[in-house]
Structure formats: structure tokens, C-alpha cells
Amino acid sequence: MKYYAAVMFEETDQLVDIARAAEAEGFTGVALADHVAVPEGFASVHPSGENPFSHTSPFPDPLITASAMLSATTALEVLTYVYILPMRDPFSVASQVATLSLLSNDRFRLGVGVGWLREEIELMGADPRTRGRRTDEMIEICRRFWRDGTAEFHGEFFDFGSTGVYPQPEAPVSIWVGGKSEAALARAVRNDGWLGMNYDLSEIHQLLDRLGELRNEADKEDGPFETMVIPNAEPSPRLHDKMNEHGVTSTIAMPWYPGDPSHASIEAKRDALGRFADAFIRR
């Protein structure tokens, strides 16, 4: 099992130190959340059924944060969990992600989702009702730029002639897709991996079975495919071993609860990363 440490609601001046500490303790990577502009009093409800933040919650830009973290480490991966793709444009995303990939020796992992905060998506200029189809077009456009450098596209949301986005990444960029709807699972299968959230074990097994069916239908059952999920159960090495046997390749580690005042200092965070590593990584 690979472990990505959750980094959310922390002091911005601690982010690079958290990355260095996570790498030193043997974590595969860190996972960064994404929001840009959160409207006050939003009505949308998070997929968990709760609203875990407000319009004043801090969300440092994940791509800039990733750049700083990757430049301060040598082996650590940085994952966006998840980057809300449809409220951006494909040209900036293709350029920024290619640059991150090149500068980090392919240690950036692009986790994407269609988003749930409709007010934010609308504020950013996109129609939340069509965010899934827009995401599909954006992924295709980014992949064309990364593969060929110069591309054209004629679709529902983007229509442009021959255009170049350089430099190109040296290795294919991994795109892992979040969400549990049928459309999200199918989108994940068309790409390189699936990012789940906090689900009960019974639901995880149902989702894994459906992913397997979709991969089989797409003739992709034997290729590399990342599967990340967080069981709604007390974390234990035995639980994670059993999840790994069922096809789960990685999970989000929470050595401390995001924003926990008892872990406000970087020293407390280093200690928590070490304790988690002792229990799960170095066992």
C-alpha cells in the first residue's frame, strides 16, 4: 500500500517542511486539496454530506504549492486530490502540468474531478451542469498537447485550430480521476486511475467490482491502474493489507486531523508523520 499524507488547512509557511518530513519518513507522496474562490454562504453540499470548510478556509494554489514541494524533495510525489478541472482552461493546465512534470522528473500526479461546489464553478465562468463533458474535452486537449506539442480541437466547449503548447513532458502525465458516479468511474477507466473518498467497506467493494467490470469492458483489466480509497474504518496495517489484496494500491494518510490545533507546530506534525510511518510504513 502506498501512502499519501493529506495536507489541508495548514500554515502556508509549513508546507515545504511538511513535504520534506513526509519524504524523510517514507511516504510515497502528499495530497493537496483545491479551491480557488469560495462564495460565502454556499448551498452546495460536499459528497460526504457535510460542509468541511467555509469561505475563509485557506486553499493555497495546489500547482504552485506542488512546485515548491517538488523542488524541495527528490523522491516525493505530489498529488492534487482533486484539481477541479472544468473551472479552468485546458491551455494553462497543459502548460503548467507539463512544466511541473519536467522540473520534478515526473513526480507530479494530476488528480482531477468535476467538482461539487456549483457556486464556485459558476463564479469561475463555467456551467456546472455541463462540467462532466467539459472535463472530458479538457483531458483530451491536454493529452494532445502533451503528446504532440501542437494540436487542434473542435468540440462542444473548445474549438481552435493548430496551436502549440510547449515544452512537452518527457513522460506521459498520469491522470487519476475522482468521483463515484458511473460517469466518474468510466472517466477514470479511460485514464490512469481512480481516486475514491471515505466510503464504508461494503461500498468500496461494490465500487471496486464496478471498476473491474468497466476495465474489463474497455480491455484494460491488465494494464497499470492506480486505485486510491479511504475506508471508513479504524486504520490498521491488516485492514490496508486486505484492501491491497482487493486491488487498492494507495490511500490517504491522516497522521493528524487537518487544522487540529494540537498539531499546529511543525514539530508536532513531524512527530505525527513519524508515528504513522512506524505503524504503517516501516512495519
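User: What makes the stretch that holds Leu 123 a helix?

Analyst: Leu 123 lies in helix α4, which covers residues 118-123. That stretch is called a helix because helices here are DSSP runs of H or I with at least four residues, while strands are runs of E with at least two, both numbered from the N terminus. This is a predicted model, where local features need pLDDT of at least 70, side-chain atom pairs count only at pLDDT 80 or more, and totals for chains, interfaces and linings use all residues. Residues are numbered from 1 along each chain as its sequence is written, and side-chain values use heavy atoms, with hydrogens and water left out.

User: Why is Leu 123 called exposed?

Analyst: Its relative accessible area is 55%. Exposed means over 50%, buried means under 20%, and partly exposed is in between (1.4 Å probe, protein chains only). Leu 123 is over the exposed cut-off, so the label fits.

User: Which residues make the nonpolar surface patch?

Analyst: Val 36, Leu 123 and Met 124 make it, and it covers about 260 Å². Areas come from the Shrake-Rupley method with a 1.4 Å probe, and for residues only the protein chains shown count as cover. Patch residues have over 30% relative accessible area and no salt bridge; nonpolar side chains (Val, Leu, Ile, Met, Phe, Trp, Tyr) are joined within 5 Å, and like charges within 9 Å. A salt bridge is a side-chain nitrogen of Lys or Arg within 4 Å of a carboxyl oxygen of Asp or Glu.

User: What is notable about the phi of Asp 106?

Analyst: Phi of Asp 106 is near 60°, a positive value in a residue other than glycine. Most residues other than glycine have a negative phi. Asp 106 sits in the loop between α3 (90-103) and β5 (108-113). At 24% relative accessibility, Asp 106 counts as partly exposed.

User: How do you know whether Asp 219 is buried or exposed?

Analyst: The relative accessible area of Asp 219 is 64%, so Asp 219 is exposed. Asp 219 also has a positive phi, about 55°, and belongs to the loop between α7 (201-217) and β10 (226-231).

User: What kind of peptide bond runs from Tyr 166 to Pro 167?

Analyst: A cis one, with omega near 5°. Pro 167 is in the loop between β7 and β8 (175-178). The bond from Tyr 81 to Val 82 is cis too, with omega near -10°. Val 82 is in the loop between β3 (77-80) and β4 (83-84).

User: How do you know that β6 and β7 pair?

Analyst: Two strands pair if DSSP finds at least two bridges between them. Four bridges join β6 (residues 150-154) to β7 (residues 159-164), so the condition is met. These strands run antiparallel and form a hairpin with four residues between them. His 154 stands opposite Asp 159 in β7.

User: Which elements do the buried residues of α9 pack against?

Analyst: They pack against β1 (2-7), α1 (15-24), α8 (237-245) and β11 (250-253). Among the buried residues of α9 (266-281) are Ile 266, Leu 273, Phe 276 and Phe 280.

User: What makes the chain as compact as a globular protein of its length?

Analyst: The chain has nine helices and 11 strands. Its radius of gyration is 18 Å, close to the 19 Å that the globule rule gives for 283 residues, so the description fits. That radius is taken over C-alpha atoms, and the rule is 2.2 Å times the number of residues to the power 0.38. Of the 283 residues, 48% count as buried.

Methods
Contact = heavy atoms within 4.5 Å.
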